[in-house]
Amino acid sequence: QVQLVESGGGLVQAGGSLRLSCAASGSIFSINNMGWYRQAPGKQRELVATITSGGSTNYAGSVKGRFTISRDNAENTVYLQMNSLKPEDTAVYYCNAHVQRYYSSAYSSYWGQGTQVTVSS
């Protein structure tokens, strides 16, 4: 089995910063893309940022220039540094990883349990 455990969410004032972490563990042979998604109340889950195993990144337009995604391949961990936070960034943030398990030739998508980020105005 594969587990993704997020940490680092919380309450912050507008203009502040938070850093999210997500550690993958379990029967992991290889991890391809990792990423962060978010879901605000009454809205669909949306992409925030993704990063490949080689370090190529992709960001939603709404966070570009404010958020930075990074990863530690040796620790199977992905990070999201969030600066200049706005009230509209308030959401539950979910970690996602495309994992190849031992004795499998395919990659499967796994999700963390989510961490709440609340930005007050």
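Partly exposed, in these legends, means a relative accessible area between the buried limit of under 20% and the exposed limit of over 50%. The model shown in each view is a predicted one.

**View A. Tyr37 meets Trp111 edge-to-face.** Start with Trp111: at 38% relative accessibility it falls between those limits, so it counts as partly exposed. Its ring pairs with that of Tyr37, with 5.1 Å from centre to centre and 65 degrees between the planes. That angle is over 60 degrees, which is why the pair goes down as edge-to-face. Tyr37 belongs to strand β4 (residues 28-39) and Trp111 to strand β10 (residues 107-111), so this pair ties together parts that sit 74 residues apart in sequence. In total, the structure has 3 aromatic pairs.

**View B. Arg45 sits over two rings.** Trp111 turns up again here, this time with a charge over its ring: the charged end of Arg45 is 4.7 Å from the ring centre. Arg45 also lies over the face of Tyr94, and there the distance to the ring centre is 3.7 Å.

**View C. Tyr102 and Tyr103 make a tilted pair.** These two rings are 6.4 Å apart, centre to centre, and their planes are 50 degrees apart. How exposed are the partners, Tyr102 and Tyr103? Tyr102 comes out at 44% relative accessibility, so it is partly exposed. Tyr103 has a relative accessible area of 87%, which means it counts as exposed.

**View D. Phe29 joins the two tyrosines in a ring cluster.** Ring pairs link Phe29 with Tyr102 and Tyr103. Phe29 comes from strand β4, the strand that also holds Tyr37 from View A. With a relative accessible area of 54%, Phe29 is over the 50% limit and so counts as exposed. Phe29, Tyr102 and Tyr103 also make up a nonpolar patch on the surface, and together they have about 470 Å² of accessible area.

**View E. Thr52 and its contacts.** Leaving the rings behind, this view goes to the loop between β5 (46-51) and β6 (57-59), where Thr52 lies. Its relative accessibility is 26%, so Thr52 counts as partly exposed. Which residues does Thr52 touch, not counting those up to four places away in sequence? They are Asn32, Asn33 and Arg71. Take Asn32: Thr52 is 20 residues from it in sequence, but in space the two are 6.0 Å apart, C-alpha to C-alpha.

Notes:
Residues numbered from 1 in each chain as written. Predicted model: local features only at pLDDT ≥ 70, side-chain atom pairs only at ≥ 80, totals over all residues. Heavy atoms only, no water. Phe/Tyr/Trp six-rings, centres within 6.5 Å; stacked < 30°, edge-to-face > 60°. Helix = DSSP H or I, 4+ residues; strand = E, 2+ residues; numbered from the N terminus. Buried < 20%, exposed > 50% of the residue type's maximum accessible area, 1.4 Å probe, protein only. Lys NZ or Arg CZ within 6 Å of the ring centre and 35° of its normal. Contact = heavy atoms within 4.5 Å. Patch = residues over 30% accessible without salt bridge, like charges linked within 9 Å, V, L, I, M, F, W, Y side chains within 5 Å. Areas by Shrake-Rupley, 256 points an atom, 1.4 Å probe, with all protein chains shown as cover. Salt bridge = Lys/Arg side-chain N within 4 Å of Asp/Glu carboxyl O.
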